[in-house]
Amino acid sequence: MGEAAAPSGAGEAPVPAAVVAAAAAAPKLRVAPPMPWRTRLAVLAAGYLTDATARADGTVNRRLLNFLDRGVPASAAPRNGVASRDVVLDPAVPLRARLFVPCPAGAIADAAAGPSAPVPVVVFFHGGGFAYLSPASPSYDAACRRIARYTGAAVLSVDYRRSPEHKFPAAYDDGFAALRFLDDPTNHPVPLDAARCFVAGDSAGGNIAHHVARRYALSHSSFTTLRLVGLLAIQPFFGGEERTPAELRLDGAPIVSVARADWMWRAFLPPGADRTHEAADARASSPAAAAGIDSPHFPPATVVVGGYDPLQDWQRRYAETLRAKGKEVRVLEYPDAIHAFYLFPEFADAKDLMLRIKDLVAGSAV
């Protein structure tokens, strides 16, 4: 794994027909790295959860999904050094979140008091193509617990409204509402340092984190205490009408496929919109998609890219777009990583990313 500058590709034209034909005629390349059999089964199960509940008419079988994705409860008593609780951000929506709080070593009782001094906070948005999963999903409960443990920061995992029942811009509205909630210190259930706030997420959650950061940058002066100091986009979900070389080469890769991505964009975007819409536009080519990025209050960004992720070309274009607008961007490349790799702690790259996130949060204290 190493850091790399995003290649210049923000202005690339659609993939020529000859390239598409050559890719189709070429021998099929490996679309996933070697994995232990338990990991392979877990990856297959994740794909099955999506395919079994996504209906052809663009709706989700929520009853079956709730059966297959049984959430885990919050834990006031620390588990692996982290306590959690569910909080209401906006009762009118209703909008909820799960707050993960690192606890002192040796703490065994209810951690209601939280840390003795304010800690930075990571506002986290889970993946799932805007339509799936929640902060209570076992994989995301565990991932946010790890982030809190490694970084010493509180993690507010937002239970944003999901598509297709709630299309664009509902998830962005909910993400921005989470920042508003944190801006009022009287809302803090434990001591939080809102002046050291990060937005973070993976896949669709990385997309949400970006758009929430744009909104923050456009209305920075209306916040009293909260300051965004960083954006962490882990394999963010962007797209376009053309097929990129990585999408052609890695179709059939674990977790993300072209067909699944197509379905998720249809479920999320407004009726009649295609993937030139501002929500999907990695190049920020329209005024609506670019709004806020030019602001000096758009935070420094870290973009994580996996070598077995079909979305990687869009992710690099996104990073290059930010860099072209003068933003501070760091790209972390994991050549052997599948989409959502960090949710599987048995991957060595998953631990490496946690250490990078730890360094990112620690750097905000300088």
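Mentor: Before we look at the pockets, fix the classes: Ala, Val, Leu, Ile, Met, Phe, Trp, Tyr, Cys and Pro count as nonpolar, Asp, Glu, Lys and Arg as charged, and the others, Gly among them, as polar. Bear in mind as well that this is a predicted model.

Trainee: With those classes, what makes up the lining of the largest pocket?

Mentor: The lining of the largest pocket has 18 nonpolar, nine polar and four charged residues. The space in this pocket is about 580 Å³, and of its 31 lining residues the closest to the centre are Ala46, Leu133, Ser139, Ile255 and Leu343. In that group Ala46, Leu133, Ile255 and Leu343 count as nonpolar, whereas Ser139 counts as polar because it belongs with the others in the scheme.

Trainee: Which helix gives the largest share of the lining of the largest pocket?

Mentor: The largest share comes from α2, with six residues; α2 (37-53), α4 (138-151) and α8 (258-268) each supply at least two residues of that lining. As for Leu133, which is among the residues closest to the centre, its place is the loop between β4 (119-125) and α4, and its phi is near 70°, a positive value in a residue other than glycine.

Trainee: What is the lining of the second largest pocket by class?

Mentor: The second largest pocket, with about 350 Å³ of space, has five nonpolar, two polar and eight charged residues in its lining. Nearest its centre lie Arg96, Ser134, Pro135, Asp159 and Arg162; among these, Arg96, Asp159 and Arg162 are charged, because Arg and Asp stand in the charged class. Strand β3 (residues 95-102) gives the most to this lining, with three residues.

Trainee: Why is the aromatic pair of Tyr172 and Phe268 called edge-to-face?

Mentor: A pair of aromatic rings is described by the distance of the centres and the angle of the planes. For Tyr172 and Phe268 the centres are 5.8 Å apart and the planes stand at 65°; the distance is within 6.5 Å and the angle is over 60 degrees, so the rings pair and the pair counts as edge-to-face. Tyr172 lies in helix α5 (residues 170-183) and Phe268 in helix α8, so the pair ties together parts that are 96 residues apart in sequence.

Trainee: How do you know whether Tyr172 is buried or exposed?

Mentor: Buried means under 20% relative accessible area, and Tyr172 has 2%, so Tyr172 counts as buried. Phe268, at 1%, falls under the cut-off too and therefore counts as buried. Another edge-to-face pair is formed by Phe344 and Phe347, at 6.1 Å centre to centre and 75° between the planes, and both of those residues are buried.

Trainee: Which residues form one aromatic cluster?

Mentor: The cluster is formed by Phe130, Phe168, Tyr172, Phe237, Trp265 and Phe268.

Trainee: What makes α8 a mostly covered helix?

Mentor: Nine of the eleven residues of α8 are buried, including Arg260, Asp262, Trp265 and Phe268. The buried residues of α8 pack against α2, α5, α6 (204-218) and α7 (245-249).

Trainee: Why is Arg180 said to lie over the face of Phe223?

Mentor: Arg180 is 4.2 Å from the ring centre of Phe223 and lies over its face; the distance part of the rule asks for CZ of Arg within 6 Å, so that part is met. Likewise, Arg317 lies over the face of Trp314, at 4.8 Å from the ring centre.

Trainee: Why does Tyr160 count as buried or exposed, as the case may be?

Mentor: Its relative accessibility is 0%, which is under 20%, so Tyr160 counts as buried. Tyr160 sits in the loop between β5 (154-159) and α5, and its contacts beyond four places in sequence include Leu95, Phe125, His126, Phe130, Asp174 and Ile208.

Trainee: By contrast, is Asn80 buried or exposed, and why?

Mentor: Asn80 is exposed, because its relative accessible area of 56% is over 50%. Asn80 is in the loop between α3 (62-68) and β2, with phi near 55°, a positive value in a residue other than glycine.

Trainee: What is the form of the peptide bond from Val93 to Pro94?

Mentor: The bond from Val93 to Pro94 is cis, with omega near -10°, and Pro94 lies in the loop between β2 (82-90) and β3. The bond from Phe168 to Pro169 is also cis, with omega near 5°, and Pro169 is in the loop between β5 and α5.

Technical notes. Residues are numbered from 1 along each chain as its sequence is written. This is a predicted model: local features need pLDDT of at least 70, side-chain atom pairs count only at pLDDT 80 or more; totals for chains, interfaces and linings use all residues. Side-chain values use heavy atoms; hydrogens and water are left out. On a 1 Å grid over the protein atoms alone, a cavity is a set of points where a 1.4 Å probe fits but cannot get out, and a pocket is an open set with protein on both sides within 12 Å along at least five of seven lines; lining residues have an atom within 4 Å of a point. Grid points are joined across faces, edges and corners, and a volume is the space filled by probe spheres set on the points. Helices (H or I, at least four residues) and strands (E, at least two) are DSSP runs, numbered from the N terminus. Rings of Phe, Tyr and Trp (its six-membered ring) pair if their centres lie within 6.5 Å; planes under 30 degrees apart count as stacked, over 60 as edge-to-face and the rest as tilted. Buried means under 20% relative accessible area, exposed over 50%, partly exposed in between (1.4 Å probe, protein chains only). A charge sits over a ring if NZ of Lys or CZ of Arg is within 6 Å of the ring centre and within 35 degrees of the ring normal. Contact means heavy atoms within 4.5 Å.
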